[in-house]
Amino acid sequence: MIDYSALFRISYGLYIVCSGNREHGNGFISNTVFQVTSEPVKIAVTCSKKNFSADLIRQTGAFSISVLHTQAAPELFGRFGFRSGRDFDKLAGLDLHYDETTGVPMVTDGSMAVIVCRLEQSFDVGTHLIYVGETVQTRMLDPDKTPMTYDWYRQNRKGIAPPNAPTYVDKSKFGMK
Ligand SMILES: Cc1cc2nc3c(=O)[nH]c(=O)nc-3n(C[C@H](O)[C@H](O)[C@H](O)COP(=O)(O)O)c2cc1C
């Protein structure tokens with residue numbers, strides 16, 4: 001038996017993961033970003049094969065991670081978490097930085113830190129790919145802010161996750177409300 005409420009006790013942060021370049025960039029919301037080694041610093045992110053970002057990260061050979069804080073606008077979640085870059089330019093009108101070596105865009109709106117990784121490995125775990133990258137740049141933007149956790153998002157924003165998120169639960173299948 002799987003009690004999904006137990007799975008919701010796993011702690012996560014919330015991030016915008018970007019790929020592409022100055023001409024054509026994109027990003028998606030992810031809660032599955034985690035550091036996997038310290039020497040060198042490597043970071044993993046889990047991406048649905050259905051996300052537009054899945055191909056773009058591979059093509060770019062790099063990705064950036066923007067660490068969202070608790071004052072991040074709810075609009076960022078609608079834009080990056082529930083709509084696809086196949087349909088519109090998600091980065092239009094936002095404050096962006098570009099990494100000098102990889103060219104990858106970084107969203108600075110709603111973000112307290114940014115991290116850039118060069119893609120090293122990918123692991124096929126079924127519906128999703130785990131991308132692992134070596135960190136080439138990190139920058140603090142706003143150290144006084146509080147990082148947004150997934151639990152905070154669920155409790156305070158009453159936020160949910162769409163089917164492409166690894167933590168998605170189809171409540172109708174389990175008789176949950
Ligand atoms: C709170 C939250 C967490 C999410 N976490 C992930 C994740 O870890 N991995 C993933 O592939 N999608 C995740 N998603 C879903 C993607 O952000 C969503 O499918 C997005 O529209 C994909 O954009 P793209 O098609 O432009 O790449 C999450 C969405 C939300 C709202």
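His69 sits in the loop that connects β5 (62–68) with α3 (74–81). Keep in mind as you look around that this is a predicted model. With a relative accessible area of 6%, His69 is buried, because that value falls under the 20% limit. One polar partner is found a short way along the chain: the side chain of His69 reaches the backbone nitrogen of Gln71 at 3.0 Å.

Which residues is His69 in contact with, once its neighbours within four places in sequence are left aside? They are Gly110, Ser111, Met112, Lys145, Thr146, Pro147 and Met148. One of these, Ser111, belongs to strand β8 (residues 111–124), so it makes a handy stepping stone to the strands.

## Strands

β8 runs antiparallel to β9, and 11 bridges join the two. Within this pair, Ile115 stands opposite Thr138 in β9. The two strands form a hairpin, with three residues between them. If you check backbone torsions, have a look at Gly126 in that turn, where phi is positive at about 105°.

Strand β9 (residues 128–140) also pairs with β4 (residues 41–48), again in the antiparallel sense, this time over seven bridges. Here Cys47 is the residue opposite Leu129 in β9.

## The ligand and its shell

Now to the ligand. How many residues surround the ligand, and which are the closest? There are 28 in the shell, and Thr32, Ser48, Ser53, Ser84 and Gly85 are the closest.

Several elements contribute: β2 (25–30), β4, α2 (52–60), α3 and α4 (150–156) each supply at least two residues of the shell. The largest share, four residues, comes from β2. By chemical type, the shell divides into 13 nonpolar residues, 13 polar and two charged.

Backbone atoms take part in polar contacts with the ligand, as listed here.

| Residue | Backbone atom to ligand oxygen |
|---|---|
| Phe52 | 2.9 Å |
| Phe80 | 3.3 Å |
| Arg83 | 2.9 Å |

How much of the ligand's accessible area does the protein cover? On its own the ligand has 640 Å² of accessible area, and the protein covers 98% of that.

Some elements turn up in both parts of this tour. Strand β4 pairs with β9 and also supplies at least two residues of the shell around the ligand. Likewise, α3 follows the loop that holds His69, and α3 is among the elements that each supply at least two shell residues.

Notes: Residues numbered from 1 in each chain as written. Predicted model: local features only at pLDDT ≥ 70, side-chain atom pairs only at ≥ 80, totals over all residues. Heavy atoms only, no water. Buried < 20%, exposed > 50% of the residue type's maximum accessible area, 1.4 Å probe, protein only. Polar contact = N/O pair within 3.5 Å; in protein donor to acceptor, adjacent residues only side chain to side chain. Contact = heavy atoms within 4.5 Å. Pairing = 2+ DSSP bridges. Near = heavy atom within 4 Å. Areas by Shrake-Rupley, 256 points an atom, 1.4 Å probe, with all protein chains shown as cover. Nonpolar A, V, L, I, M, F, W, Y, C, P; charged D, E, K, R; others polar.
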